[in-house]
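Q: Could we go through this structure together? I should like to begin with the pockets and then turn to the sheet and the helices.

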Amino acid sequence: MSPTIQTARRNGRDGARIELTENYKEKFATQLLEKTFAWAHEVEPSQPVTSGVWLGDYLAHPTVLQKIQLEESDVISFHNYDGPDDLRKRIEGLKKLGRPVLCTEFMARGNHSTFKDNLPVLKEFNVAAWSWGLVSGKSNTIYPWDSWKKHYTAEPAVWFHDVFRADGTPFSTAEVQLIQNLSVRKDASRSFAEPKRNASRVSATPVPQP
């Protein structure tokens, strides 16, 4: 049996899947990422290329993998599932790299990453962000991370991820209202009203007959 298999651990149902150790994961991921950036840059893409950092102290002590992510990305992307203080620290540090910053994963209510606390920080720094989860469904991400090992028999009082139920009603009306309020631009009333007036005039214009 190879050394990789010997040091690996089995997981999944009845240990059916073999998972590599963390050292092997990082080694192979680093090799693949180097090649992936090279492949992408070879074709001179018109869209930016990025790989999101997400674990550890990558601002002060980045791993080899994280150095590649931060140096080779055209725009800096990162994940953050912590509270507003940590989020602010990460954004301020990443902004120093002089490239646009995107938060490609956030929002885990049980881990202090909430719309109420973190969206104002993201808006302050003008950082676009993607919330993990939208509609509760088969992914079961209303349950916390420990649901990988712990069995839940009922819906948690506080959803971990997701915003809407399957019928479209929000888990929290206050959260949805907050998102709407923070998303409105200062000139929204003008930009939204003008197209409606123009559309009305166009629809009333007779169509020339051939």
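**Pockets, sheet and helices**

A: β3 (76-80) and α4 (84-95) each supply at least two residues of the lining of the largest pocket. Please note that the model is a predicted one.

Q: What volume does the largest pocket have?

A: Its volume is about 570 Å³.

Q: And which residues lie nearest the centre of the largest pocket?

A: Those are Tyr81, Trp132, Trp145, Trp148 and His161, out of a lining of 25 residues.

Q: How does that lining divide into nonpolar, polar and charged residues?

A: The lining of the largest pocket has 10 nonpolar, 10 polar and 5 charged residues.

Q: Moving on, how much space lies in the second largest pocket?

A: About 440 Å³.

Q: Which helix gives the most to the lining of the second largest pocket?

A: Helix α2 does, with 4 residues. Both α2 (22-42) and α3 (64-72) supply at least two residues each there. Among the lining residues are Glu22, Lys25, Glu26, Gly52, Trp54, Gln66 and Gln69. Trp148 also lines the second largest pocket, and Trp148 was named above for the largest pocket as well.

Q: What is the residue make-up of the second lining?

A: The residues of the second largest pocket's lining divide into 5 nonpolar, 4 polar and 3 charged.

Q: Now the sheet. In what order do the strands run, and is the pairing parallel or antiparallel?

A: The sheet is open and consists of 3 strands in the order β3-β4-β5, with parallel pairing. Strands β3 and β5 (128-131) are at the edges and have a single partner strand each, so one side of each has no neighbour in the sheet. From one strand to the next, the twist averages 20°.

Q: Over how many bridges do β3 and β4 pair?

A: Strand β3 pairs with β4 (residues 101-106) over 5 bridges, in the parallel sense. One bridge partnership joins His79 to Glu105 in β4.

Q: Which helices pack on the sheet?

A: Helix α4 packs there, touching β3 and β4, and its direction makes about 165° with that of β3. Helix α5 packs on the sheet too, touching β4 and β5, and its direction makes about 170° with that of β4.

Q: Staying with α5, at what angle do the axes of α5 and α6 cross?

A: The axes of α5 (residues 115-124) and α6 (residues 173-183) cross at roughly 10° and come within 10 Å. That makes the two helices, α5 and α6, roughly parallel.

Q: Which residues meet in that contact?

A: From α5, Phe115, Lys116, Leu119, Pro120 and Lys123 meet Glu175, Leu178, Ile179, Asn181 and Leu182 of α6. The residues of this contact divide into 6 nonpolar, 1 polar and 3 charged.

Key
Residues are numbered from 1 along each chain as its sequence is written. This is a predicted model: local features need pLDDT of at least 70, side-chain atom pairs count only at pLDDT 80 or more; totals for chains, interfaces and linings use all residues. Side-chain values use heavy atoms; hydrogens and water are left out. Axes are lines fitted to C-alpha atoms, for helices over the stretch in contact, and angles run from 0 to 180 degrees between N-to-C directions. Angles under 35 degrees count as roughly parallel, over 145 as roughly antiparallel, 65 to 115 as roughly perpendicular and the rest as oblique. Contact means heavy atoms within 4.5 Å. Ala, Val, Leu, Ile, Met, Phe, Trp, Tyr, Cys and Pro count as nonpolar, Asp, Glu, Lys and Arg as charged, and the others, Gly among them, as polar. On a 1 Å grid over the protein atoms alone, a cavity is a set of points where a 1.4 Å probe fits but cannot get out, and a pocket is an open set with protein on both sides within 12 Å along at least five of seven lines; lining residues have an atom within 4 Å of a point. Grid points are joined across faces, edges and corners, and a volume is the space filled by probe spheres set on the points. Two strands pair if DSSP finds at least two bridges between them.
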